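Reader: I'm a first-year student, and I would love a close look at one part of this structure. Could you pick a spot where strands come together, and then walk me outward from there?

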Amino acid sequence: MNRVKVLFFVSCLFFCGCGKMKKFTAKGDWSYHFDAPASVWEETFPLGNGRIGLMPDGGVEHENYVLNEISMWSGSRQNTDNPAAARSLPEIRRLLFEGRNDEAQELMYETFVCGGKGSGRGNGAKVPYGSYQLLGNLKLTYSYDEKNAEVSGYRRELSLDKALATVSFKRGKTTFRREAFTSFAADLAVIRLCADREKALNLSIALDRPERYAVSPSGFDLQMSGRLFGGDSLKAPEGIEYGARVRVILPRDGQQIILDDTLLQVRNASEIILLTGMVTDYFGKEVNRQLDSLFQAVEHTTYEQLKSEHEAAYRTLFDRVRVDFGRATEREALPVNQRLEAFHRDGNDPSLMALYYQFGRYLLISSTRPGGLPPNLQGLWCNTVHTPWNGDYHMNINVQMNLWPAESGHLPELHLPLIEWTKQQVESGRRTAKVFYNARGWVTHILGNVWEFTAPGEHPSWGATNTSAAWMCAHLYNHYLYTRDTTYLAEVYPAIRDAALFFTDMLVEDPRSRYLVTAPTTSPENAYVMPNGKNVSICAGSTMDNQILRELFGNVIEAAGILGIDSDFVKTVAAMQERLMPTAVGPDGRIMEWLEPFKESEPNHRHVSHLYGLHPGSEITPDRTPNLAEAARKTLEARGDESTGWSMAWKVNFWARLHDGEHAYKLLADLLTPRTQNGSNYSKGGGTYPNLFCAHPPFQIDGNFGGAAGIAEMLLQSHNGYIEFLPALPAAWETGSFSGLCVEGGGEVAARWQNGRWQAGRLKARVGSHFRIKLPADRFEMRITLNGEPVSYPVTDGILEVYMQPEDVLEIRL
């Protein structure tokens, strides 16, 4: 069946002046570009508004837009109980305390795993655990009057300032231009196609995905619908329902036809606007009603209004932070793939590092938003139904790293989806605590999804780590440290308290040392060599566990004191905190990864979990614990720099915390190593894909976020009880400035420096708070003002202390 709709100069609301081709919006401060269409997915541009995503490849003849929606998950809630786990727990502990760790591990393989199929060993699309999946593909096929004409002047650009992707090229005598964005205001994907010659646009429009879909007309729109696999679980057999709808707007002229109910054609148009809605019923709302509502809301909105409202909403987040590392070079004009190659040769491109930082903030803004889900292993973007590692929430570093830039990068509201997701795991975690450990409180392990999976993974060597809930609760408390919002603290305190409650039951005394230990546990994904030569992962206590638990117990004690509650429980956790083995230095001068001096099976392992206390924790600092800091340095030197992308990003933060700007910069340069491999590599091959996505490999977004957080750590730190300007400034950034970065205590900070020397700083209090500021060691004369008036404050051991009211501004100049 054919349906014909002819629109001649109708819908003037969408007229944007493309008849006489005006230039697109001028290039912003932050952008990068290619001079050719994408040949692989890792060359496409990521667009997103925190819920929906779009990845255009910019093809000339055939253009594909990968469509994403953050809740597009197969699977469903499932029963993961395994009663054999609790029954075997005493025997597992007995074997561990007798030094028979290999036998304890074998017993765990048999008994201490989740019920069911778990994550499918990272291939969970067809098991109840599920997998994050692409929603589909929007395919545009173009036909040109000048069929054999050459293409020239091709440029494909992503503006980070405007969250806007553009394409322009000339074919024969006609110039074609395209714009695409995922609206932060209208919640639709918007595409505009223009030509500088009348009626030069002819194309077909299709929707598809690899499986489980049907395409049909919805009026003169095109709609794709379907249900994902649910599994033999509590919502079996069908899972999430989804829908995508495309609407064509012809502002000036042209003809629209629906062919065979599955294909749209547009002929002889001078301008085309495509609006695409994408939804699922994950949050309980009916799919077609959601789509109807999205399109009804923009019925009387022009394209220019859509674009300007989108940009305004987006920039309220992006424009909060500015960074400048000086020395602009001609390389800024290079296509980004060539720019990465040039930087790899000589490391000379300071503004590339600034771009990389802002790209990390851009990705965070684009991949999550309040009321939604947190960014997963690939943020918001994927192009398969079998996303690597299910695109899930790995909780032994990865999902935590995703949110490292949020607070310091002036995006605190983007921390909230992870915080809410964490609170959602509590009820499931209570059941897991009872069934697997016969304990109170709540627990979760390495694996997380949108179905509240909290059980151990299907393989104890990596799935038995049980301090993930404690680590997640560090994020709940960290948000308080930056906001000082006691109402919020009261809301999250129960989740923090009950994570600690679990360990008051789970911790047991090791009869050999008399310390309390987590048994069984692991040091995430790493293994050690037993005296009998066997490689084993399961152990009784680990350094990371102890560091996390000291932090968790400390946060409970501090939060309860602020809220004036739980005095008896505070006494309990304080006593248990004292009985955890302190972080220890081994005979080789390195931080011990386990509580016994085991030899690592893999000395250059990607996880450096025993330095949690250095970062993201604050137990180890050069000022307060110089011996441990030196041992941490030796640990990093032995571990080596080369690794996966996210591991190198973590090491940037480690070296920044050690105040070694040159080594941190070296790791950043390594992180920007150009990569094209997309197969899995667990030990090396980390770097950056042409579109600036981080290569694990394959693509894993935590490296982008960790790298951005590391740059912020090099510029500003506040975890040590005071604000420190430029703690790890490398020589390559000899002159520069930043503004808008945030610190614990509720402050917003700006600074500038010249010739490697700090010149001025500015602190704005967002709440009433007490601040301590570390002053430069080489200070001679300083001018300090509060709200423009000269003031003086006591300085003790180089630390200036001041109490500030909300909106007060303190400035310090040399």
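**From a strand pair outward**

Author: Let's begin with strand β32 (residues 783-786) and strand β36 (residues 809-813), which pair with each other in the antiparallel sense over four bridges. Before going on, please keep in mind that this is a predicted model. To find one of the places where the two strands meet, look for R783: its bridge partner in β36 is R813.

Now zoom out a little. This pair belongs to an open sheet of seven strands, and if you walk across that sheet you meet β18, β28, β29, β30, β36, β32 and β33 in that order. The pairing in the sheet is antiparallel. Where does the sheet end? Its edge strands are β18 (322-324) and β33 (789-790), each of which pairs on one side only.

For a smaller example, try the open sheet of three strands with the order β22-β21-β23, again with antiparallel pairing. Here β22 (535-536) and β23 (599-600) are the edge strands, and each has a partner on one side only. Strand β21 (residues 528-529) joins β22 through two bridges, in the antiparallel sense. At this pairing, V529 of the one strand stands opposite N535 of the other.

One more strand is worth a stop. In a regular strand, side chains alternate between the two faces of the sheet. Strand β2 (residues 31-34) lets you look at both faces: S31 and H33 lie on one side, Y32 and F34 on the other. Are these residues buried or exposed? All four are buried, and both faces of β2 are covered. The strand also has an antiparallel partner, β7 (residues 151-159), with four bridges between them. Among the residues just named, H33 stands opposite E157 in β7.

Now for some helices. Helix α9 (residues 416-424) and helix α12 (residues 468-483) have axes that come within 10 Å and cross at roughly 130°. That angle is neither over 145 degrees nor between 65 and 115, so α9 counts as oblique to α12. The crossing of α9 past α12 is left-handed. On the α9 side, the contact is made by L416, L418, I419, W421 and T422, while α12 brings M472, H475, L476 and H479. Sorted by class, that contact has six nonpolar residues, three polar ones and no charged ones.

Next to α12 you can visit T467, in the loop between α11 (460-463) and α12. Why does T467 count as buried? Its relative accessibility is 1%, and the cut-off is under 20%, so T467 qualifies. Leaving aside neighbours within four places in sequence, the residues in contact with T467 are F503, M544, D545, I548 and L549.

Let's finish with another helix pair. Helix α14 (residues 543-563) and helix α15 (residues 567-578) pack with their axes 9 Å apart, at an angle of about 150°. Because an angle over 145 degrees counts as roughly antiparallel, that is how α14 lies relative to α15. Here too the crossing is left-handed, with α14 passing α15. From α14, the residues R550, F553, G554, V556, I557 and A560 meet F569, V570, V573, A574, M576 and Q577 of α15. By class, this contact has nine nonpolar residues, two polar and one charged.

How values were computed. Residues numbered from 1 in each chain as written. Predicted model: local features only at pLDDT ≥ 70, side-chain atom pairs only at ≥ 80, totals over all residues. Heavy atoms only, no water. Pairing = 2+ DSSP bridges. Axes fitted to C-alpha atoms, helices over the stretch in contact; angles between N-to-C directions. Parallel < 35°, antiparallel > 145°, perpendicular 65-115°, else oblique. Left-handed = near helix turned anticlockwise from the far one by under 90°. Contact = heavy atoms within 4.5 Å. Nonpolar A, V, L, I, M, F, W, Y, C, P; charged D, E, K, R; others polar. Buried < 20%, exposed > 50% of the residue type's maximum accessible area, 1.4 Å probe, protein only.
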